[in-house]
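Here are some notes for a colleague opening this entry for the first time. They are best read with the structure on screen.

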Amino acid sequence: MSVISRKRSLLLPILLIGLLLTVFTGCGKSGGQSMKPGTYEGEAEGMNGPLKVSVKVSEDKIEDIEILSSEETGALTEEVFRQLREGIIGQQGLTCDAVSGASTTTEAYIQAVSDAVVKAGATLKNFKAVKLSLDDGVRIDRTDFDVIVVGAGGAGYSAAITAAENGADVLMLEKMAVTGGNTLISGSAIAAPGNDLQKKEGIEDSADQLYEDILKGGDNKNDPELVRVLADGALPAYEWLRDDLGVKFEDHLLFFGGHSVKRSPVPLGGSGEETIRKMRAKAASLGITVYTGTKATALVKDDAGKVSKVEAEHGGEQHVFTAKKGIVLATGGFGSNLEMRKKYDPSMDEKILSTDSVGTTGDGIQMAEMLGADLVDMQYIQTYPTCHPDTGRLLYVGDVRLMGRGILVNKEGNRFVEELERRDVISKATADQTGGCSYLFWDEDAMKDSKVGSIYKNEYNSLLKAGVLHKADSIEEVAEAAGVDPAQLQKTVDRFNGFAKAGVDEDFHYEKRKPPVAFTEGPYYIMRSKPAVHHTMGGIRINAEAQVLDKDGKPIQGLYAAGETTGHIHGTNRLGSVAIADIVVFGRIAGKGASE
Ligand code: ADP
């Protein structure tokens, strides 16, 4: 799902930009074209598949650009496309620095437009050698607000929207060109005990049961007071997303490892796109100011000791923003900050990839620490067990496992862990297998019932193309294609089918969470994956009011924090779908507190 391409070689973008610069440099005039006026189509390869554009040209200008088809992640790329289109038409230039977090998409767009204009007879070197900046649209014309929210992911939006609804004049600062953070590229399912979908399925659940699950899942290292607030607020958080923000949900629930019941609705399309789109729309309707491309660098206290200013950098210039009422830190975790990872857990080194957005670098944690905030649980770093073996991208096609319809085997064809176990347990068990890999196996019935092939169509196609996912008519064929021992896999499947018939998994007791379902006919599927850093449980210590605490446990006046930047809520290990509940519950508490 993620379009993050930080793991891809930087060589290609550099070569491409170099080539474009070489081709375009030396002209500097926009009127040097003699194109045949009309509309032309252009194409280039994007992150997940072909990107097709239609470009309208006059004799010497690009007049309009339209996307004909795109397989890229919508909510991130639509903003990149919008800004590129404005830049290209406004400046008649066709070069751009790759956008951090969407570099492949940026390249593809520029290549596709170039492809079209060449068909119109353009000489590429006659376009201006301007450098498009995706932050050109942002003009910093105000610096004084009631509330400043640093970081525009799910926690930031929840805080900002709540503060604005409480009557505050709100500013959001986002260092990336596009808002959304990790929330945007996440699956975005939310644990919500007692929800409507559970009622339809007759599943009994309660806030108390979620409370117990979160504490147990975190090995009781969590702060029970914070967990209580989270568990009690989870259902209202889901209902707020659904009813107040208009987030649409799929009609099924996901069953994440470590939960005692199936309780997590997932937004339409199975991703954070739907959630972030609705959050953006709500923020816009409330008149919230959003400065993207603006990185907060420090927090400043006033003479009375209240945190009231944020220093930030935009386009190479320094700015100081003032908050009359309060400041919320919502800058996410530090999964993409290798130095911080190694500092707090030396085993989380460069050998382990990450699912995270490139912006997840622990900035808020560092800024708060400078002000004397207490940091907690920093050593607990979670890996997600089934990620792309080469890029670290979280593989949502693997959700067939969470729907209780896939088994994990090793290269030798043997199961080695309970498939609905906690993320840390599965990750650890996977690391011990040959090549540090797991192979997720499922059949056509599971494919149909789980719908992962259609919900995550782009990812599915790109995995097949890349040879990370294999599909074949027989178990033997699919095992051979994936490099798994075919005879042993057949035995494992037969044994699992026996367990399904008896209702008891003698090897790993899968049935304690879900009845095992037998595999039947092909085609069969195998997806290879590896664990990658996904969530950092440690961070800024807060209280139940989301106030940032100092080392003596006293609130630092004017400063609130929410989301992955905080610590001590999830203990040693965060359960799937509890992060979205966390960011909404504490985001809203922080937004309310900061605006009062
Ligand atoms: P959460 O899930 O806690 O909301 P996300 O990762 O979704 O966290 O969002 C955090 C957001 O904060 C990201 O969009 C990230 O780019 C942004 N961010 C991180 N550091 C800074 C910073 N120094 N200034 C502004 N924005 C930041």
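Between which strand and which helix does the loop with His-568 lie? Point 1 takes this up, and the later points move on to the ligand and the largest pocket.

1. Please keep in mind that this is a predicted model. His-568 sits in the loop that runs between strand 22 (555-561) and helix 18 (578-594). Its phi is positive, about 80°, although His-568 is not a glycine. His-568 counts as buried because its relative accessibility is 15%, and the cut-off for buried is under 20%.

2. A second residue to check is Ser-188, in the loop between helix 5 and helix 6 (196-201). Ser-188 is not a glycine either, and its phi is positive, near 65°. With a relative accessibility of 4%, Ser-188 counts as buried.

3. The backbone also has a cis peptide bond, from Gly-522 to Pro-523, with omega near 0°. Pro-523 belongs to the loop between helix 17 (486-502) and strand 19. As background to these first three points, most residues other than glycine have a negative phi, and most peptide bonds are trans.

4. The ligand has 25 residues around it, and those that come nearest are Ala-155, Glu-174, Thr-183, Asp-363 and Glu-564. By class, this shell holds 8 nonpolar, 12 polar and 5 charged residues.

5. Several backbone atoms lie close to polar atoms of the ligand. An oxygen atom of the ligand is 2.9 Å from a backbone N or O atom of Glu-564. For Ala-296, a polar backbone atom is 3.0 Å from a nitrogen atom of the ligand. A backbone N or O atom of Lys-175 is 3.1 Å from a ligand nitrogen atom. The ligand taken alone exposes 580 Å², of which the protein buries 98%. Helix 4 (154-165), helix 5 (181-185) and strand 11 (294-301) are the elements that give two or more residues to the shell.

6. The largest pocket has a volume of about 560 Å³. Its lining is made up of 28 residues, and Met-348, Ile-352, Thr-383, Ser-427 and Pro-531 lie nearest the centre. Two or more lining residues come from each of strand 15 (381-387), helix 12 (423-431) and strand 19 (524-536). Helix 12 provides the largest share, 4 residues.

7. Which classes of residue make up the lining of the largest pocket? The lining divides into 9 nonpolar, 11 polar and 8 charged residues.

Technical notes: Residues are numbered from 1 along each chain as its sequence is written. This is a predicted model: local features need pLDDT of at least 70, side-chain atom pairs count only at pLDDT 80 or more; totals for chains, interfaces and linings use all residues. Side-chain values use heavy atoms; hydrogens and water are left out. On a 1 Å grid over the protein atoms alone, a cavity is a set of points where a 1.4 Å probe fits but cannot get out, and a pocket is an open set with protein on both sides within 12 Å along at least five of seven lines; lining residues have an atom within 4 Å of a point. Grid points are joined across faces, edges and corners, and a volume is the space filled by probe spheres set on the points. Ala, Val, Leu, Ile, Met, Phe, Trp, Tyr, Cys and Pro count as nonpolar, Asp, Glu, Lys and Arg as charged, and the others, Gly among them, as polar. A residue is near a molecule or strand if one of its heavy atoms lies within 4 Å of it. A polar contact is a pair of N or O atoms within 3.5 Å; within protein, one must be able to donate a hydrogen and the other to accept it, and residues adjacent in sequence count only if both atoms are side-chain atoms. Accessible areas come from the Shrake-Rupley method with a 1.4 Å probe; for residues, only the protein chains shown count as cover. Buried means under 20% relative accessible area, exposed over 50%, partly exposed in between (1.4 Å probe, protein chains only).
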